Amino acid sequence: MSDAVVLPAPSLGGFDPFADAGDNDVKGKDAKDYVHVRVQQRNGKKCLTTVQGLPKKFDLDKILKALKKEYCCNGTVVEDKELGKVLQLQGDQRKNVSAFLIGNDLTKKDAIKVHGF
């Protein structure tokens, strides 16, 4: 065997998809401070969009009525034991909901987390 020196591999400087997974306090925000917009697959091509984490000071029924009217979809407000009140909309409305919340000054852009496929 030769006396070869093994050097550590240089950092590739790539994107780490799990960088913020454990850090809830990156910008001083908890997970409860975010508005989560998710899509869930139902059966076939049907899907469901859920919105959770909206502040309690807002009337969710009025927000739901405006979303339904603007984006021509059906929806409901569901009471969950752990998550509180959650908006449910038919179809993949992730982009529409986030644009609506930002456009009507209900939340800031950095406070919305969009999840889904």
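These notes concern helix H1, the cysteines and the aromatic rings of a predicted model.

1. Helix H1 runs over residues 60–71, and its 12 residues reach 16 Å from the first C-alpha to the last, which is close to the 16 Å expected at 1.5 Å a residue. The residue that follows H1 is Cys72, where phi takes a positive value near 50°.

2. The buried residues of H1 are Leu60, Ile63, Leu64 and Leu67. Because these four cover an arc of only 100° around the axis, they lie on the same side of H1. As a general matter, an α-helix has 3.6 residues a turn, so residues three or four places apart point the same way.

3. The partners of this buried side are strand S3 (75–80), strand S4 (84–90) and helix H2 (94–103), against which the buried residues of H1 pack. On the face of H1 turned away from the buried side, one finds the exposed residues Asp61, Lys62, Lys65 and Lys69.

4. The structure holds zero disulfides. For Cys73, the closest cysteine sulfur belongs to Cys72 and is 7.8 Å away, which is too far for a bond, given that a disulfide is counted only when the two sulfur atoms are within 2.5 Å. Cys73 is buried, because its relative accessible area is 12% and the limit for burial is under 20%. Cys47 likewise counts as buried, at 12% relative accessibility.

5. Turning to the rings, the count of aromatic pairs comes to zero. Tyr34 nevertheless has a charge over its ring, for the charged end of Lys113 sits there at 4.7 Å from the ring centre.

Definitions and conventions: Residues numbered from 1 in each chain as written. Predicted model: local features only at pLDDT ≥ 70, side-chain atom pairs only at ≥ 80, totals over all residues. Heavy atoms only, no water. Phe/Tyr/Trp six-rings, centres within 6.5 Å; stacked < 30°, edge-to-face > 60°. Lys NZ or Arg CZ within 6 Å of the ring centre and 35° of its normal. Helix = DSSP H or I, 4+ residues; strand = E, 2+ residues; numbered from the N terminus. Expected span 1.5 Å × (residues − 1). Buried < 20%, exposed > 50% of the residue type's maximum accessible area, 1.4 Å probe, protein only. Arc of directions from axis to C-beta. Contact = heavy atoms within 4.5 Å.
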